[in-house]
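Okay, thanks for coming, everyone. I'd like to walk you through one structure today, mostly by way of its charged pairs and how the chains meet. Let me put it up.

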2 protein chains.
Amino acid sequence: MPRNLTRDLLERGRDRQLRLAVTGLSRAGKTAFLTSLIDQLRHAGLEARLDLLPAAREGRLLGARRVEQQDLGVPRFPFDRALAALDADPPQWPEPTRGISELRLSIRYRPGRPGWIGGDTRRLTLDLFDYPGEWLLDLPLLEHDFASWCRAQRFDGERAALFADWQREVADLDPAQEVDEARLAELAERYAEGLRAAREAGFSDLQPGRFLLPGELEGAPVLQFFPLPGLDEADPAVLAQLPPESLYATLARRFRHYQQHIVKPFYRDHFRRFDRQIVLVDVLGALNAGPERFEDLSRALTRLMQSFDYGRRSLLSRLFAPRIDRLAIAATKADHVTPEQHPRLTGLLQSLLAEPLKDLRFADVPVRALSLAAIRATEAREVDHRGQRQPVLRGTTLEGEDTLLFPGEVPATLPDASFWRRQGFTFTAFRPRPRDGGALPHIRLDAALEWLIGDKLT
Amino acid sequence: MPRNLTRDLLERGRDRQLRLAVTGLSRAGKTAFLTSLIDQLRHAGLEARLDLLPAAREGRLLGARRVEQQDLGVPRFPFDRALAALDADPPQWPEPTRGISELRLSIRYRPGRPGWIGGDTRRLTLDLFDYPGEWLLDLPLLEHDFASWCRAQRFDGERAALFADWQREVADLDPAQEVDEARLAELAERYAEGLRAAREAGFSDLQPGRFLLPGELEGAPVLQFFPLPGLDEADPAVLAQLPPESLYATLARRFRHYQQHIVKPFYRDHFRRFDRQIVLVDVLGALNAGPERFEDLSRALTRLMQSFDYGRRSLLSRLFAPRIDRLAIAATKADHVTPEQHPRLTGLLQSLLAEPLKDLRFADVPVRALSLAAIRATEAREVDHRGQRQPVLRGTTLEGEDTLLFPGEVPATLPDASFWRRQGFTFTAFRPRPRDGGALPHIRLDAALEWLIGDKLT
């Protein structure tokens, strides 16, 4: 028997499996991305719109169906609910991610490599995961003890105003004082209010991340701590010897509980089992929100990307030995700018992530950057403008107004002061278009798919 | 040194601790009970209204304050939020229990026993827990495998209509068919809708209990199963050999996951550590809802009480070795009937629980039955009625109407057909009265406290 055939027969018997995770900070477009990805694969073989995915282009992608996921205790990704939102009148964007969810697809395909002579098909089991990028912002928290974490927190610039109520109340706290349980809960709630206000105001670099999406832990002491100010001058030895009922010891205990029972379990039970990962970034939204938020997004992403830095020195590698072997980073909502801006959007994303990308290359993690629209809500047109062809977008605003506009030029690298002075960019949010029966319209979702799963479909 | 003194000194050094849990089916009044209990103890030594608790009556109860609970990952009982609701204008009942919560009180008291000669005080650490009684309805599920559980489910009487949609869709399912993941989720949602409709309609005997309060498990496959009809004639050996992708095997797998990862952890991590327990029952509400719901409550309570039957044969003892050494059962909302009806209310409760009480006595678990109002919302008055003194209640309805009424006679034992024909009882829900600054007004909450913690304050 020829060697190729033997290998093929062996591979045919073996089920291939891939665990692909989608993340990003809130409003980055995670739900839209996964919804469209599943929709495309389910339409495979019929009306899929996946020209950049060779298996689809060559007609080798035969179909995909949902099968039972492995972990029965994790919510299933609400694909049907997302489609129902898109099919509402008027169409609506699906509800945002609130925690981890998963969905398993069984994909049928025909191998495309030259040595293949069998008529049989193969199966790829694709486990899809969706989780809040905010959870990854908590990784650095594992490198701290409570005192050093307190010292690392900064409340300056616009943040100062958002945290002013809380700061006023904690300014004079004595770390040694006996804790008043009810008062501590109040102060922690003030701090959480500050975090929520900061998120509303467009800030991204916020922690502890779980304070913003407490779920069933709402009201649990583990989510009731905050950085104690004024520890810079404190003697660590004195702090360490404060009695267990003291304010300092109580807050430190909760901080440790948060590390052990909130941060670590996510990495241990989920993260380290992902094979591939895509990180979505709403670059345009940040561009629209002004220099301070843009700077903040950059800081948050740098922090978030540490979870993918498998360098030898990395905390993550030491603790969890993760195994992601391919990473994609994508600027989403590319349909919100005109097509000739797309390369600039990708360039801007790369500038924004320059530092983490350098670390990742050093650590030999293959990364690809791209811009995409998971569910395209606009059409690109051209109009005459003073005798020139001017590219514009046609779409329907969230308020239901049909509109034709040129949102502006995306800076191809990090914007400088003059960009912000000109306020060169006006972001308009569009409503999704009614579905036409085929797969959802998108921009370069297939390019992302090719990078993330293409090699498993050969 | 005299012996008594030695013992006292020893005991003084030792922190006493007691774990007291409150449960009951939804709307039984758990939140009001715990709120009032905490409020009374916090007022101890000042304006407490606890004449039936000797430690308070004798002025030995010095105070209570909230301290940090042991398990930082369990939500704290929302006492402040409950008080805020009572202080709203108009006053409102606190939000109901949705999961487990806890709160720790440190109680200071002076021992009252004759041998006591020290001037010192002692401390009792009281851990209070609140959890949905619906969780206990799942205990019997541990005695089943999936097939026997399916056979045990009945959908007759008024329930038939509530589950009609679901029953129509599952009637012709073939246990051997390959499962369609999306379709299964739909059918499970139909079943959960039936459970929710049944609860809305006043039924209590509903399982699996966690389907009604899914929390973070919303959408997880472990909450997506249902009893498969028509298994009565099926051959167990044939069922057991169906392939893993079959409908039957898939449902059975989820049922087992529910047993192992939902039902057991509650008993293992929480229930078996409770020292004392009070079960609250809204007997009056059930009396008002008619014979079928009353019968259903009786069935649900019988099932719920199995969690307290520590007889040698009991599943619970074998699995979890719980240690509850005192149990109270209380008919709540006693302020919704006139005072001379209270003994009848207690009698009715005892009739309702006759079977489980018999088992408990046999198993030597000390139980006390009583009627109480955790937060008294009415005043008892007398009016002239055809020359006779007629007891009445004065209160404000939920709609804000001041009213004076006689709700009717409570049957002292299980009501017979003639009672239901007469419709002898009209239940009116009252709004709480504005707080007067002292502890919350109540009826016999102190009697419950005496039974549940009194012996620890001597």
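Let's start right at a contact: the side chains of B:Arg253 and A:Glu68 form a salt bridge, with N to O at 2.4 Å. Keep in mind as we go that this is a predicted model. That pair runs between chains, from helix 10 of chain B, where B:Arg253 sits, to the loop between strand 2 and helix 4 of chain A, where you'll find A:Glu68. Are those two buried or exposed? B:Arg253 has a relative accessible area of 25%, so it's partly exposed. A:Glu68 is down at 14%, so that one is buried.

A:Glu68 has another partner, too. Its side chain meets that of B:Arg254 in a salt bridge, 2.7 Å from N to O.

Now, zooming out on this interface. How many salt bridges are there between chain B and chain A? The count is eight. Polar contacts between these chains come to 15 residue pairs, both residues at pLDDT 80 or more. On the chain B side, the elements giving two or more residues to the surface that touches chain A are strand 2 (61-67), helix 8 (181-200) and helix 10 (247-269). Helix 10 of chain B gives the most, with four residues.

In terms of contacts, 30 residues of chain B touch 30 residues of chain A. Together the chains bury about 2,500 Å², and 47% of that is on carbon and sulfur atoms. If you want three residues to look at, take B:Glu68, B:Leu72 and B:Arg76: they supply 29% of the area chain B buries against chain A, more than any other three residues.

How are the copies arranged? You can lay chain B on chain A with a turn of 180° and a shift of 0.0 Å along the axis, and the RMSD is 0.0 Å. The two copies are thus related as by a two-fold rotation axis. The same surface serves both copies, with 100% of the contact residues of chain B recurring in chain A. And which residue of chain B comes closest to the rotation axis? That's B:Glu216, with its C-alpha at 3.1 Å.

Next, some salt bridges within a chain. In chain A, the side chains of A:Lys333 and A:Asp282 meet at 3.4 Å, N to O. They link distant parts of the chain, 51 residues apart: A:Lys333 is in the loop between strand 6 (326-331) and helix 14 (342-352), and A:Asp282 is in the loop between strand 5 (276-281) and helix 11 (283-289). A:Lys333 is partly exposed at 22% relative accessibility, while A:Asp282 is buried at 18%.

Over in chain B, B:Asp127 forms a salt bridge with B:Arg19, their closest N and O atoms being 3.8 Å apart. B:Asp127 lies in strand 4 and B:Arg19 in strand 1, so this pair ties together parts 108 residues apart in sequence. B:Asp127 is buried, at 0% relative accessibility, and B:Arg19 is buried as well, at 6%.

Last stop, helix 4 of chain A, residues 79-86. Its buried residues are A:Phe79, A:Ala82, A:Leu83, A:Ala85 and A:Leu86. They cover an arc of only 155° around the axis, so they're on the same side of the helix. What covers them includes helix 2 (30-42), strand 2 (61-67) and strand 3 (101-109) of chain A.

That's my tour, thanks.

Technical notes. Residues are numbered from 1 along each chain as its sequence is written. Chains are lettered from A and ligands numbered from 1 in the order in which they are written. This is a predicted model: local features need pLDDT of at least 70, side-chain atom pairs count only at pLDDT 80 or more; totals for chains, interfaces and linings use all residues. Side-chain values use heavy atoms; hydrogens and water are left out. Copies are superposed by least squares on the C-alpha atoms of residues with pLDDT of at least 70 in both. Contact means heavy atoms within 4.5 Å. Buried means under 20% relative accessible area, exposed over 50%, partly exposed in between (1.4 Å probe, protein chains only). The arc is that of the directions from the helix axis to the C-beta atoms. Buried area is the accessible area (1.4 Å probe) that two parts lose on being put together, summed over both. A salt bridge is a side-chain nitrogen of Lys or Arg within 4 Å of a carboxyl oxygen of Asp or Glu. A polar contact is a pair of N or O atoms within 3.5 Å; within protein, one must be able to donate a hydrogen and the other to accept it, and residues adjacent in sequence count only if both atoms are side-chain atoms.
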